[in-house]
Amino acid sequence: MNFSFQLIRQDGAARRGKIHTAHGEIDTPAFMPVGTAATVKGMLPQNLRALGAQIILANTYHLMLRPGGDALEKLGGLHRFMNWPGPVLTDSGGYQVMSLAGLRDLDETGVTFRSHLDGSRHQLTPERAVQLQHQYDSTITMVLDECTPYPSTYDAARSSMERSMRWAERCKNAFVARAGYGVFGIVQGSIFPDQRAQSALKLAEIGFDGYAIGGLAVGEGQAQMFAMIEATMPYLPPGRPRYLMGVGKPLDLLGAVARGVDMFDCVLPTRSGRTGQAFTRFGTVNLRNAVHQGDDSPLDRECLCPACRDYSRAYLHHLVRSNEILASVLLTWHNLAFYQQIMAAMRDAIAVGQFADFASKFTEDYETKEREAAANPKPTRRKRSNTPNTVPSVSGKIAAS
Ligand SMILES: [Zn+2]
């Protein structure tokens, strides 16, 4: 079977689709939980599957340092190693090299750096990045790119983007085609619309199985981010999936889907879960706050994840305050379940041509409560239960899956 994207319905610019891969199908718009080191922290693969995740993300840089490409290949690749038979996308590691590695030396060949783990010296070239992802048995390989720092001058952003485009071509040439596997290019160009367009056109000319928009969510703000998506979309082939890297908050996802994005990944739901923060339909909730101490109500009445179904806010608060492992597990679970619920609700809304209505209702609920919480951090239990549920609920579907 070929790696392919099936566009099922378009509603405005929002797209309901399906990606077919060697390791299974991915309904889009899709959110990919981040499993940097071949594990989504605190979650068993069957739990991820049960809450609706169809694809997860791992990281080339982290896995090349530990356990290493050769070791992972001998152990049968990522799917077998981590007991996740579904699709895996591996980020190429360019971003981590820039942000984590020490003493890096970047030139046209690639990047030489010292491991953040033990200081050992490594080189990552476009060809090496692709080879590693082959060894990992990644369903979706990402090209190595230079993550342009923000802010950058116009000229610096352009030379960085042009290097990324030369690297993208080398990655495509190094990619060994296998049935049902794909390789994605990454659009760069900082906050300059003409560079974004130029980058997208170049990648389309090289020809990829999907197109990512990179270098955003680096401090430019939501308005700039949306503007860059709009500047890029007209130049991407419509018959391929589009992936916005490292984004984001629930309203970022909504706005990006409205502009035609099909795939997302972000550490927010998992990382926030480990610090006591929960995402809900009515904004974020910090379980560390003392207001939850005596609150016997669930985190979210409509969510059927274990954290909401089986425990009170008071218990979650207790776990967070006691630094219990279960706090991280339950809140990670809830946040990932919530993100999958948003994606499923968006897919349902697009399928019936009501995405705009859904998006405005969702935004209204989310922003109103977020503002109230910021202004007055008191329990909102009664208000919550009295709030009419105007958002299409997908919790039944999640529970059944
Ligand atoms: Zn929940």
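**Two domains and a helix pair**

The domain assignment divides the protein into domain 1, residues 4-265, and domain 2, residues 272-400. The structure shown is a predicted model. Its mean pLDDT is 92, and 93% of the residues reach 70 or more. One stretch falls below this: over residues 379-401 pLDDT stays under 50. For that stretch the model has 39 contacts beyond four places in sequence.

Consider next how the domains meet. Their C-alpha centres lie 28 Å apart, and 24 residues of domain 1 are in contact with 26 residues of domain 2. On the side of domain 1 that touches domain 2, two or more residues each come from β1 (4-11), β2 (14-21), β4 (30-32) and α10 (250-258). Helix α10 gives the most, with 6 residues. Sorted by class, this side of domain 1 has 14 nonpolar, 4 polar and 6 charged residues.

Now turn to a pair of helices, α7 (residues 154-174) and α8 (residues 193-206). Two packed helices are described by the angle between their axes and the distance between the axes. Here the axes come within 10 Å and cross at roughly 10°. Because angles under 35 degrees count as roughly parallel, α7 is roughly parallel to α8. From α7, the residues that take part in the contact are A157, R158, M161, M165, A168, E169 and K172. They meet Q195, S199, K202, L203 and I206 in α8. By class, this contact of α7 with α8 has 6 nonpolar, 2 polar and 4 charged residues.

Conventions: Residues are numbered from 1 along each chain as its sequence is written. This is a predicted model: local features need pLDDT of at least 70, side-chain atom pairs count only at pLDDT 80 or more; totals for chains, interfaces and linings use all residues. Domain bounds come from an automatic or database domain assignment. Two residues are in contact if their C-beta atoms, placed from the backbone, lie within 7 Å. Helices (H or I, at least four residues) and strands (E, at least two) are DSSP runs, numbered from the N terminus. Ala, Val, Leu, Ile, Met, Phe, Trp, Tyr, Cys and Pro count as nonpolar, Asp, Glu, Lys and Arg as charged, and the others, Gly among them, as polar. pLDDT is the predictor's confidence in each residue, from 0 to 100. Axes are lines fitted to C-alpha atoms, for helices over the stretch in contact, and angles run from 0 to 180 degrees between N-to-C directions. Angles under 35 degrees count as roughly parallel, over 145 as roughly antiparallel, 65 to 115 as roughly perpendicular and the rest as oblique.
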